Amino acid sequence: MNSQRGKGATDPAAEPPRLEDDFGFAIGVVFRAYAKAVEAAVADIPGGPRGYFVLMAAVQGHANSQRSLANRLGIDRTIMTYLLDDLEKAGLVERRPDPSDRRNRHILPTEHGTRRWQELSGPVGQAEQQLLENLPDEARATFRTLLCTLAHHVSSPTT
């Protein structure tokens, strides 16, 4: 981040780090801006952004278990149950028993759910582009790649 932090400890004349230069503050600001923009884009989906990401996981074949999907998305299991109920009522997903373990439920998109996800992926992508528009073109791809690499690392079961 900012090299001022290291200098501040040894150089009393150095300016203290600004709030905007703190990693936690900065990532929170970016997250809230993204969440607000995406919420507007997916307002008609039950659960808003959470519902959109559940739908995305189902469309992409990454929703083999309700429990593992809840863990992956950081959604309480009880909340996930209600969210899936709402997504089912909206005709976007369906739950089917896992043939190898009837305690598990696969979350699958309906045809309508797949179409809605395809329709919404454009506005969600536009929200992302607007958020990143102040970065130089080459930095956008790098930032996105680094962020996704970090997210993959911290969300992997071994960490």
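These exercises walk through a predicted model of one protein chain.

**Exercise 1. The overall layout**

Task: Find how many helices and strands the chain has, and in which pattern they follow one another.

Solution:
- Step 1. Count the elements. There are 7 helices and 2 strands.
- Step 2. Read along the sequence. The pattern is α-α-α-α-α-β-β-α-α.
- Step 3. Check the burial. The chain has 159 residues, and 26% of them count as buried.
- Step 4. Look at the contacts between residues at least 6 apart in sequence. Of these, 44% join residues at least 24 apart.

**Exercise 2. The aromatic pair**

Task: Search the whole structure for aromatic pairs, and state which residues are involved and how their rings are arranged.

Solution:
- Step 1. Run the search. It gives 1 aromatic pair.
- Step 2. Name the partners. They are Y52 and F53.
- Step 3. Recall what describes such a pair: the distance of the centres and the angle of the planes.
- Step 4. Read off the two values. The centres of Y52 and F53 are 5.4 Å apart, and the planes stand at 70 degrees.
- Step 5. Classify. Planes over 60 degrees apart count as edge-to-face, so the pair of Y52 and F53 is edge-to-face.

**Exercise 3. Buried or exposed?**

Task: Sort Y52, F53 and R103 by relative accessible area: is each one buried, partly exposed or exposed?

Solution:
- Step 1. Fix the cut-offs. Buried means under 20%, exposed means over 50%, and partly exposed lies in between.
- Step 2. Take Y52. Its relative accessibility is 2%, so Y52 counts as buried.
- Step 3. Take F53. Its value is 28%, so F53 is partly exposed.
- Step 4. Take R103. Its value is 73%, so R103 is exposed.

**Exercise 4. The largest nonpolar core**

Task: Work out which residues touch the most other members of the largest nonpolar core, and which elements build this core.

Solution:
- Step 1. Start with the members. The core holds 23 residues, and V54 and L87 touch the most other members.
- Step 2. List the elements that give two or more residues to this core. They are α3 (49–59), α4 (66–73), α5 (77–89) and α6 (111–132).
- Step 3. Find the largest share. It comes from α3, with 5 residues.
- Step 4. Follow the contacts of V54, leaving out residues up to four places away in sequence. V54 touches L69, L73, I75, M80, L83, L84 and L87.

**Exercise 5. The largest pocket**

Task: Describe the largest pocket by its volume, its lining and the residues closest to its centre.

Solution:
- Step 1. Take the volume. The pocket holds about 2000 Å³ of space.
- Step 2. Go to the lining. It has 43 residues, and Y34, F53, L147, C148 and A151 are the closest to the centre of the pocket.
- Step 3. Assign elements. α2 (23–41), α3, α4, α6 and α7 (137–155) each supply at least two lining residues.
- Step 4. Find the largest share. It is 10 residues, from α7.
- Step 5. Split the lining by class. There are 28 nonpolar, 9 polar and 6 charged residues.

**Exercise 6. The second largest pocket**

Task: Repeat the analysis for the second largest pocket, and place R103 in it.

Solution:
- Step 1. Take the volume. About 210 Å³ of space lies here.
- Step 2. Name the lining. It consists of S65, Q66, R67, A70, R77, M80, T81, D101, R103, N104 and R105.
- Step 3. Assign elements. α4, α5 and β2 (101–109) give two or more residues each. The largest share, 4 residues, comes from β2.
- Step 4. Split by class. The lining has 2 nonpolar, 4 polar and 5 charged residues.
- Step 5. Place R103. This residue is found in strand β2. R103 and S65 are 38 residues apart in sequence, and their C-alpha atoms are 9.5 Å apart.

**Exercise 7. Two residues of α6**

Task: Locate L131 and G125, and say what separates L131 from V30 and G125 from A41.

Solution:
- Step 1. Locate L131. It sits in helix α6. L131 is partly exposed, at 32% relative accessible area.
- Step 2. Take the distance. L131 and V30 are 101 residues apart along the chain, with 8.1 Å between their C-alpha atoms.
- Step 3. List the contacts of L131, leaving aside neighbours within four places in sequence. They are V30, A33 and Y34.
- Step 4. Turn to G125. This residue also lies in helix α6. G125 counts as partly exposed, at 26%.
- Step 5. Take the distance. G125 and A41 are 84 residues apart along the chain, and 9.5 Å separates their C-alpha atoms.

Note on methods:
Residues are numbered from 1 along each chain as its sequence is written. This is a predicted model: local features need pLDDT of at least 70, side-chain atom pairs count only at pLDDT 80 or more; totals for chains, interfaces and linings use all residues. Side-chain values use heavy atoms; hydrogens and water are left out. Rings of Phe, Tyr and Trp (its six-membered ring) pair if their centres lie within 6.5 Å; planes under 30 degrees apart count as stacked, over 60 as edge-to-face and the rest as tilted. Buried means under 20% relative accessible area, exposed over 50%, partly exposed in between (1.4 Å probe, protein chains only). A nonpolar core is a set of buried Ala, Val, Leu, Ile, Met, Phe, Trp, Tyr and Cys residues joined through side-chain atoms within 4.5 Å. Contact means heavy atoms within 4.5 Å. On a 1 Å grid over the protein atoms alone, a cavity is a set of points where a 1.4 Å probe fits but cannot get out, and a pocket is an open set with protein on both sides within 12 Å along at least five of seven lines; lining residues have an atom within 4 Å of a point. Grid points are joined across faces, edges and corners, and a volume is the space filled by probe spheres set on the points. Ala, Val, Leu, Ile, Met, Phe, Trp, Tyr, Cys and Pro count as nonpolar, Asp, Glu, Lys and Arg as charged, and the others, Gly among them, as polar.
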